[in-house]
Amino acid sequence: MIYLQVFLSFLQIGLFSFGGGYAALPLIQNQTVYTHNWLTMTEFADIVTISQMTPGPIAINAATFTGMRLAGLWGAAAATLGCVLPSTIICIILAKLYYKYREMSIMKGIMNGLRPAVVAMIASAGLSIMIQALYPNRGISFTAENLDFIAITIFIATLLVLRIFKLNQITVMAAAGILGGAAYLLIH
């Protein structure tokens with residue numbers, strides 16, 4: 001019975017969590033902490049932390065960890081399946097519709113209209129991350145004296161290395177992480 005409850009709860013979360021994994025967190029919290037009392041607020045915070053540290057989408061990781069905590073391996077499978085099933089079905093339906101109607105002028109217009117929106121959303125997320133990295137004390141004004149000079153130096157050096165030497169991006173990211181970690185350890 002717990003497997004069905006976990007599946008249905010995470011099916012509901014997967015069905016109504018528009019906007020990605022972080023948008024699903026309040027729904028997961030509501031289902032697991034308040035509605036079913038499966039987790040305490042501390043356990044939920046621990047699951048969110050673990051979900052962010054592990055590879056993969058945060059909502060799916062949170063579903064898997066919650067299911068595992070509640071009902072073992074089969075609970076994890078039920079929660080994960082419930083979380084991904086709605087988006088999988090929607091993606092399959094949209095893909096079939098797209099392939100069927102992709103040559104229609106209205107479909108081409110929709111796709112051409114979506115491209116700038118997608119670019120803007122990605123740019124917005126990148127800008128938010130960049131501001132958070134360069135100005136770690138967000139409660140303070142955005143002035144040059146509040147700028148994290150280690151982060152800006154590594155950012156500019158990384159851009160130059162990628163542009164001039166055309167190295168592998170993952171290698172450069174790893175090197176920047178190691179360099180940043182070492183710099184912060186030496187200064188603090």
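Biologist: Why is N37 called exposed?

Modeller: In this predicted model, N37 has a relative accessible area of 60%, and since exposed means over 50%, the residue is counted as exposed. N37 lies in the loop between α2 (21-35) and α3, and its phi is near 55 degrees, a positive value in a residue other than glycine.

Biologist: Where is K166 found, and what makes it count as exposed?

Modeller: K166 is found in the loop between α6 (149-165) and α7 (169-187), and its relative accessibility is 61%. Because the cut-off for exposed is over 50%, K166 counts as exposed. K166 is not a glycine either, although its phi is positive, at about 50 degrees.

Biologist: How do you know that Y135 is buried, and which residues is Y135 in contact with?

Modeller: The relative accessible area of Y135 is 17%, and buried means under 20%, so Y135 falls into the buried class. Y135 sits in the loop between α5 (105-134) and α6. If its neighbours within four places in sequence are left aside, Y135 is in contact with F142, T143, N146 and L147. The C-alpha atom of Y135 is separated by 9.4 Å from that of F149, which is 14 residues apart from Y135 along the chain.

Biologist: Why are α3 and α4 called oblique to each other?

Modeller: The axes of α3 (residues 41-53) and α4 (residues 58-101) cross at roughly 130 degrees and come within 8 Å. Roughly perpendicular covers 65 to 115 degrees and roughly antiparallel needs an angle over 145, so this pair of helices is described as oblique. The crossing of α3 and α4 is right-handed. On the α3 side the contact is made by E43, I47, V48, I50, S51 and Q52, and on the α4 side by I58, N61, A62, F65, T66 and R69. These residues divide into 6 nonpolar, 4 polar and 2 charged.

Biologist: What makes S51 of that contact count as buried?

Modeller: S51, which lies in helix α3, has a relative accessibility of 1%, and because the limit for buried is under 20%, S51 is counted as buried. Not counting residues up to four places away in sequence, S51 touches I58, N61, A62 and F65.

Biologist: How do you know that α1 and α2 are roughly antiparallel?

Modeller: Helix α1 (residues 2-16) packs with α2 at an angle of about 155 degrees, their axes being 10 Å apart. Angles over 145 degrees count as roughly antiparallel, and α1 and α2 are therefore given that description. α1 passes α2 in a right-handed crossing. The residues that make the contact are S9, F10, Q12, I13 and F16 of α1, together with A24, L27, I28, Q31 and T32 of α2. They divide into 6 nonpolar, 4 polar and no charged residues.

Biologist: How many aromatic pairs are counted, and why is the pair of Y98 and Y99 called edge-to-face?

Modeller: The count comes to 1 aromatic pair when ring centres must lie within 6.5 Å. The ring centres of Y98 and Y99 are 5.5 Å apart and the ring planes stand at 65 degrees; because planes over 60 degrees apart count as edge-to-face, the pair takes that name.

Biologist: Why is Y98 called partly exposed, and what makes Y99 exposed?

Modeller: The relative accessibility of Y98 is 32%, and since partly exposed lies in between under 20% and over 50%, Y98 belongs to that class. Y99 has a relative accessible area of 54%, and because exposed means over 50%, Y99 is exposed.

Notes. Residues are numbered from 1 along each chain as its sequence is written. This is a predicted model: local features need pLDDT of at least 70, side-chain atom pairs count only at pLDDT 80 or more; totals for chains, interfaces and linings use all residues. Side-chain values use heavy atoms; hydrogens and water are left out. Axes are lines fitted to C-alpha atoms, for helices over the stretch in contact, and angles run from 0 to 180 degrees between N-to-C directions. Helices (H or I, at least four residues) and strands (E, at least two) are DSSP runs, numbered from the N terminus. Angles under 35 degrees count as roughly parallel, over 145 as roughly antiparallel, 65 to 115 as roughly perpendicular and the rest as oblique. A crossing is left-handed if the near helix is turned anticlockwise from the far one by less than a right angle, and right-handed if clockwise. Contact means heavy atoms within 4.5 Å. Ala, Val, Leu, Ile, Met, Phe, Trp, Tyr, Cys and Pro count as nonpolar, Asp, Glu, Lys and Arg as charged, and the others, Gly among them, as polar. Rings of Phe, Tyr and Trp (its six-membered ring) pair if their centres lie within 6.5 Å; planes under 30 degrees apart count as stacked, over 60 as edge-to-face and the rest as tilted. Buried means under 20% relative accessible area, exposed over 50%, partly exposed in between (1.4 Å probe, protein chains only).
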